[in-house]
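Hi everyone, thanks for coming. Please pull up the sequence and the structure, and we'll walk through them together.

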Amino acid sequence: MDIRSLVKKEIASLKAYQAKEVSCRVKLDANESPYGFEEALMAVRQIRTNRYPDPEAKKLKAILAKGLGLSPEKLLQGNGSDELIYNLITTFGGPVLYPVPTFSMYGIIAQALGEEKREIPLDREFDIDLGKMETAVIKNKPKLVFLSSPNNPTGNCFSSERILRLVEISKGLVVVDEAYQPFSDGKGFVPLLKDYKNLVILRTLSKVGLAALRFGYLIAHEDIIREVNKVRLPFNVNALSQAVAVEALKKKTMLKEAILAITEERNRLLPAMERIRGVEPFPSEANFILFRVKDPKKVHAMLLNAGILVRDISDAVAGCLRVTVSTPKDNDLFLRGLGRIAKEL
Ligand code: PMP
């Protein structure tokens, strides 16, 4: 029996998200933090395994809402922010518009749900091409525009004026995905929520040392939260993740210090990479750096051979690899490896 003949056509032509486990000594491929919160695991001992988790993740949302100066009714919990992207597209449908290159899940989920997607290339500075995006917003009338800022994989924030212009002209929702916001100098778009009802913000705990928990959250007007909540599966955030996240978020100083350590390392790494001949790194406001080399597949393989795993982005951005900023020790191993390989090529 040919199973593929049974599959919906949009799924049959879909390529699964690449999240392969590759064994390596230094893992710099998935934008994870090198700093975890293992002490927070103590919190799971109080969990009663026979009971369902809090369906509303009340404690966790209360802490996050307080930190943002918002009411918890403006937050919606997800099993990772991936799930919230799924929920948003399920709720509002397409067309779904986003600039490229960007985070691949916007396109994968739109296609999986059989929704039309429109991809508009970024400009030469990796910023939003406002003319083309405006035209697409007017012509295609997207229900959802996804803007990852800082953008994965380019690392830059988009110009705030350009984002706002799209929010202003769009008759649909504009989702600013702030997965990497903690590593950027800017405040992000939360302060603007009160002015724009069609603005939606996505955040996640994955990049700040809690990727194992799978917790993301959406911040938006209550009317949006109410609709998206209808498609959220019951108990989507498990009790273990809720308890550990609540505990970890109490450790505010540790969280801040970990983020600071990463941004300082990023700021050290960038000029050090610039000094390597044949390597062109791009400025970043995230916890990773995109860099161009002459033969990305070869450099990727040679780094892996030295035990260092980075992400091959060359299919999306010509000639480019992406490295996650890690501890000083791991970053030095990466720098030394890259320097040696650059000389050999
Ligand atoms: N948005 C962006 C821009 C990302 O890079 C990622 C992670 N790769 C996510 C969302 C998803 O994060 P998570 O599902 O772990 O919250």
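The protein chain splits into domain 1, made of 3–30 + 253–344, and domain 2, which covers 38–250. Do keep in mind that what you see is a predicted model. The centres of the two domains, taken over C-alpha atoms, lie 23 Å apart. Where they touch, domain 1 contributes 26 residues and domain 2 contributes 28 residues.

How much area do domain 1 and domain 2 bury between them? It comes to about 2,100 Å², with 64% of that on carbon and sulfur atoms. If you're new to this kind of number, the size of an interface is often given as the accessible area lost when the parts come together.

Which three residues supply more than any others of the area that domain 1 buries against domain 2? They are Tyr17, Leu255 and Glu285, and they account for 28% of that area. As for polar links, the rule finds zero salt bridges across the interface of domain 1 and domain 2. What the count does give is seven residue pairs in polar contact between the two domains. On the side of domain 1 that touches domain 2, helix 1 (9–12), helix 9 and strand 10 (288–292) each supply at least two residues. Helix 9 gives the largest share of that side, six residues.

Let's stay on helix 9 for a moment. Ile259 sits in this helix, which runs over residues 252–274. Is Ile259 buried or exposed? Its relative accessibility is 18%, so it counts as buried, the cut-off being under 20%. Setting aside neighbours within four places in sequence, Ile259 is in contact with Pro182, Phe183 and Val208. Also, the C-alpha atoms of Ile259 and Asn287 are 8.8 Å apart, while in sequence the two residues are 28 apart.

Now please turn to helix 5, residues 130–140. Its buried residues are Met133, Glu134, Ala136, Val137 and Asn140. Looking down the axis of helix 5, these buried residues fall within an arc of 160°, so they line one face of the helix. On the other side of helix 5 you'll find Ile138 and Lys139, which are exposed. What do the buried residues of helix 5 pack against? The partners are strand 3 (96–100), strand 4 (117–121), strand 5 (144–148) and helix 6 (160–169). Just past the end of helix 5, have a look at Lys141, which takes a positive phi of about 45°.

Helix 6 makes a good next stop. Here Ile163, Leu164, Leu166, Val167 and Ile169 are buried. The buried residues of helix 6 pack against helix 5, strand 5, strand 6 and strand 7.

Helix 6 also brings us to salt bridges, and the structure holds 22 of them. In one, the side chains of Arg162 and Asp127 meet at 3.7 Å, N to O. This pair links distant parts of the chain, 35 residues apart, with Arg162 in helix 6 and Asp127 in the loop between strand 4 and helix 5. Arg162 counts as partly exposed because its relative accessibility is 27%, whereas Asp127 is buried at 11%.

Here is another. Lys297 and Asp312 form a salt bridge through their side chains, at 2.8 Å, N to O. Lys297 lies in helix 10 (residues 296–305) and Asp312 in strand 12 (residues 311–312), so the pair ties together parts that are 15 residues apart in sequence. Both partners are partly exposed, Lys297 with a relative accessible area of 45% and Asp312 with one of 25%. There is also a network of salt bridges linking Lys27, Asp29 and Glu32.

Our last stop is Ser148, which is found in strand 5. At 2% relative accessibility, Ser148 counts as buried. Where does the side chain of Ser148 reach? It comes to 2.9 Å from the backbone oxygen of Pro150. A polar atom of the Ser148 side chain also lies 3.2 Å from the backbone nitrogen of Asn152. Beyond neighbours within four places in sequence, Ser148 is in contact with Thr102, Tyr106, Phe158 and Asp177.

Pro150 turns up once more, as one of the residues that Gln181 touches. Gln181 is placed in the loop between strand 6 (173–177) and strand 7 (199–204), and its relative accessibility of 11% means that it counts as buried.

That's my tour, so thank you for listening!

How values were computed. Residues numbered from 1 in each chain as written. Predicted model: local features only at pLDDT ≥ 70, side-chain atom pairs only at ≥ 80, totals over all residues. Heavy atoms only, no water. Helix = DSSP H or I, 4+ residues; strand = E, 2+ residues; numbered from the N terminus. Buried < 20%, exposed > 50% of the residue type's maximum accessible area, 1.4 Å probe, protein only. Contact = heavy atoms within 4.5 Å. Arc of directions from axis to C-beta. Domains from an automatic or database assignment. Buried area = accessible area lost by both parts, 1.4 Å probe. Salt bridge = Lys/Arg side-chain N within 4 Å of Asp/Glu carboxyl O. Polar contact = N/O pair within 3.5 Å; in protein donor to acceptor, adjacent residues only side chain to side chain.
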